[in-house]
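Colleague: Before I plan any further reading of this protein, could you take me slowly through one sheet and its surroundings? I would also like to hear how far the model can be trusted.

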Amino acid sequence: MSKSTPFTIRQISLKYRNPSNAPDDFEAAVLENMEKQKPQDAFFSESLDANRKKIFRYIAPLYIEEECLQCHGAPLGELDISGYKKEGYKIGDLRGAISVSASLEPLYASLRTNIIMLISIAVCSVGTVIFIIYWLIRRLITNPISNISHTMNVIASGDLDKRIPMNSRDEIGILADSINKMTEDLQKTTVSKAYVDNIIESMIDTLIVIDKNNKIKTVNKSTLNLLGYEEKDLIGMDVSIILHDKGNLVANRRWSTIPSDDVLKDYDITYRNCNAEDIPMHFCGRIMRNSKGEVLGIVGVARDMRQTKKLIGELSDFREATLYMLNDLEKTRFELEREEKKLELIVTEIGAYLCLIDSNMRITWANKPFEDRFGKINSFIVPSCHSILGCGETPSEDCTASRVFKTGKIEETKRLVIGKNNEKRHYHFIGSPIKDSQGNIIQVLELIQDITRIWQMEQQKEIIYNINKIITSGLMPEMFKAISNELKRIVAFDRISIALLDEKTQRLEVLAVDKSDDYTAIDEGDWFPKEGSLLEQVTFIGKPFIVRDTSKSAFWSDQMLLKEGIKSRLSFPLEYKDAVVGTINFGSRRVNNFSEKHFTILEQISMQLAIAVENTRLFAKTKESEGRYRDLYDNAPDIYITNDENGTIINCNQTGAEILGYKKEELIGRRILEFQTEKTRTIMEELLPKRFSGQLAKGLELQLVKKDGSIIDVSLNDNHIWNNSGKIIAIRSVYRDITAKKKLEAQLVEAEKLASTGRVVASVAHEINNPLEGITNYLQLLLENMSEDDEKRKYVELVMEGMHRIAGIVRRLLESNLNIMEEKGDHDINQHIQNIISLLQKKFAQNNITVNQILDNNLPRIRCHPNQLEQVFTNLILNSTDAMPNGVPLISSHRWKTSTY
């Protein structure tokens, strides 16, 4: 904290590189909690500093992203570009946090001082001055602090778009600017809650989430718009407020009758809006369960069926109108007999096809529209009406004229007629009897209406309704076959597929395929490059594209499909939020099979299909994340055990069960104390209540007993599990096997003892050998200067012999200790020379000595005792530095070349 600002902003971390980034006790506790829980929101609270003064603390977590891995990622311990050792983090790990602390005492002290001043001034001042000072204090101090506090609460709740409006440049203004800057940084690295809410709010269909008590937990914008409620009017209310149909499964919580897959499909219910109006809905939902299989509630998606029912009503009205028309024709029949000429004019100019059929099923008369459509009447004298109208071998019970002759009543039917050139038309046949004066039927008046267009519209409505119904139930891959079958009713094709675009890799995935034969060049699950494909063209123009002849197409995808006989193609874009996410593709074995007339029906299903594809993608990612988490949990290298307040094991990972020698089913339900030694069992039994009261075990070393009776050393670290009320309901413990570590530490202690003994012996031997060498040299000089008959020569020789004996004793003592410490093997001479240089570097620096090394890197490895060899090098180098304290020793290694004679 500086004198100019009342707050401190620091970057802190549990694994800090700069000591200034080391957290205090309060910050360390918060970081440890964040490391366990991985929160996205910041932590803030008031606390007391070392002087028992109030301070405001705000700590926002910082997580590792991909660009952080270069300096802080794997491998652990490797030096980064700045020379620091990497920490081995992974994406999503907690790196540290931004810590903001502000002392509240100066603000409180300033406020108290101002109050005292106001009281003093009030004695000699008027009420107006008091009001002005109070207004200034509230405007400049209280309101800004309240504004900051309110905004911080909003930011902490997840709204990172919120900013503190502050224009002043005092300490409070600087604090507000710092918090705004911090919020902007957090917004760049944190997924906003608004992003997730936007997905739900963008849904076209209504969405509602109901808990197990039938209380409404969540509704989306489409639900509110449909029912006319505000969100506050529905959240927390019983679902019966909108579910008017009391007999349905959701309202009565008869969830046990729902199929075993917990899915409600194609369920018709009735919603009631705020104006007490009933709205028919098509409902699909799924029961939500926790990991134990307990019911949490239901999430459901419903579609407004009013328009669909309106279309059904219109069709019913059309039928009634048709019947009404037939009744009119029956009444008109009698008038036609009296006004034959008038009838002739009417039937000639009427738009419908009219004809008279006798008992031999020959056409005896037809109006002009009929002749224009089927030919002149003179050509119909011999052939029967079946051949003229294209009915072919239609059974008599489906022929209106035959039925009229039998029943004497008006008969009607709708039938597909295949005419010349295999032209397919749908007609509505209405036959009315014409009787003579005796009441005998002599002819049938046939009214024929071309309803091909109406039939196509009805069929399209039905197909669109069925496809949307299938998509609502779920798209990939089970329902794609059903969608294909519906589309085949109006679009002739031999192959249909859905391809999705991956914007990151610019590749496309074949999500689903339905084809007429087994062989295919592009199959379900295949990935292909976007470049040069038909999908690239559709994505670029954002409109459907028709390839009328694949043999002339430049797209590589068309050339591949041509090999399996696909000669024409249609690709239609699937748009989601104004972006093409993929295409639905059709292929035919006929050239020029597709046209723009197919666009109409595809436009009506493409949006819903795109949404379903995106939902399928999201669901697949969620399942993949769940599987990855479970795999990481089960295959973690440590023992993970979760126990309740009684110490009973309620869950464990696969690794833990294998280390202890049990199956998971054998561990669950038993007490964790059963697997501890007597030494640690008492300690852990006393510690269990404290751990559930909030205390955590960190780095506690204890022992566990395996199924075979062997004992392993472990290190214990705890994590608490809370319920929605904030109560600790279980503890997830991580037991790390440190048995090998403990054994290694014991071995290192013994090795260190031996190494210490060897260093002492080597040092003593060196100190003895140096004066012995000098004495031996002097004695040798004396012997060289003495004659053979000198009486003193024998005494010098005795002394020389004694010196040799002493040197031999010291050498054997040194060899004995060195052999204890090491074994003889093949070693690199250069490596041992460099070890000695590094060991003596401090001595060289103290004496201002520089050592030059010229080492031959091609030297072979030799069989030796490395410590003895290093002692030789040490003696040589120390002797050289003692002989030339201000010189530059030259250390070299090379291979002697020998000659053979």
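Modeller: The part to look at is an open sheet of five strands, ordered S11-S10-S14-S13-S12, with antiparallel pairing; two strands count as paired if DSSP finds at least two bridges between them, and the strands (E, at least two residues) and helices (H or I, at least four) are DSSP runs numbered from the N terminus. Strand S11 (363-366) and strand S12 (411-418) stand at the edges with a single partner strand each, so one side of each has no neighbour in the sheet. From one strand to the next, the twist averages 30°.

Within this sheet, strand S13 (residues 424-435) and strand S14 (residues 441-450) run antiparallel and are joined by nine bridges, and Phe 429 stands opposite Ile 448 in S14. Helix H14 (residues 400-407) lies across strand S10 (353-357), S12, S13 and S14, and runs at about 145° to S14; such angles, from 0 to 180 degrees, are taken between the N-to-C directions of axes fitted to C-alpha atoms, for helices over the stretch in contact, where contact means heavy atoms within 4.5 Å.

As to trust, this is a predicted model, in which local features need a pLDDT of at least 70 and side-chain atom pairs count only at 80 or more, while totals for chains, interfaces and linings use all residues. Residues are numbered from 1 along each chain as its sequence is written, and side-chain values use heavy atoms, with hydrogens and water left out.

The mean pLDDT (the predictor's confidence in each residue, from 0 to 100) is 76 for the protein chain, and 76% of its residues reach 70 or more. Among the elements, helix H11 (residues 340-349) has the lowest mean, 55, and strand S18 (residues 545-547) the highest, 89. Over residues 896-901 the pLDDT is below 50, and this stretch has zero contacts in the model beyond near neighbours in sequence. Where pLDDT is low, the predicted coordinates should not be read in detail.

For the wider setting, the protein chain holds 27 helices and 29 strands, and buried residues (under 20% relative accessible area, with a 1.4 Å probe and protein chains only) make up 39% of its 901 residues. Of the contacts between residues at least 6 apart in sequence, 52% join residues at least 24 apart.

Technical notes
Buried means under 20% relative accessible area, exposed over 50%, partly exposed in between (1.4 Å probe, protein chains only).
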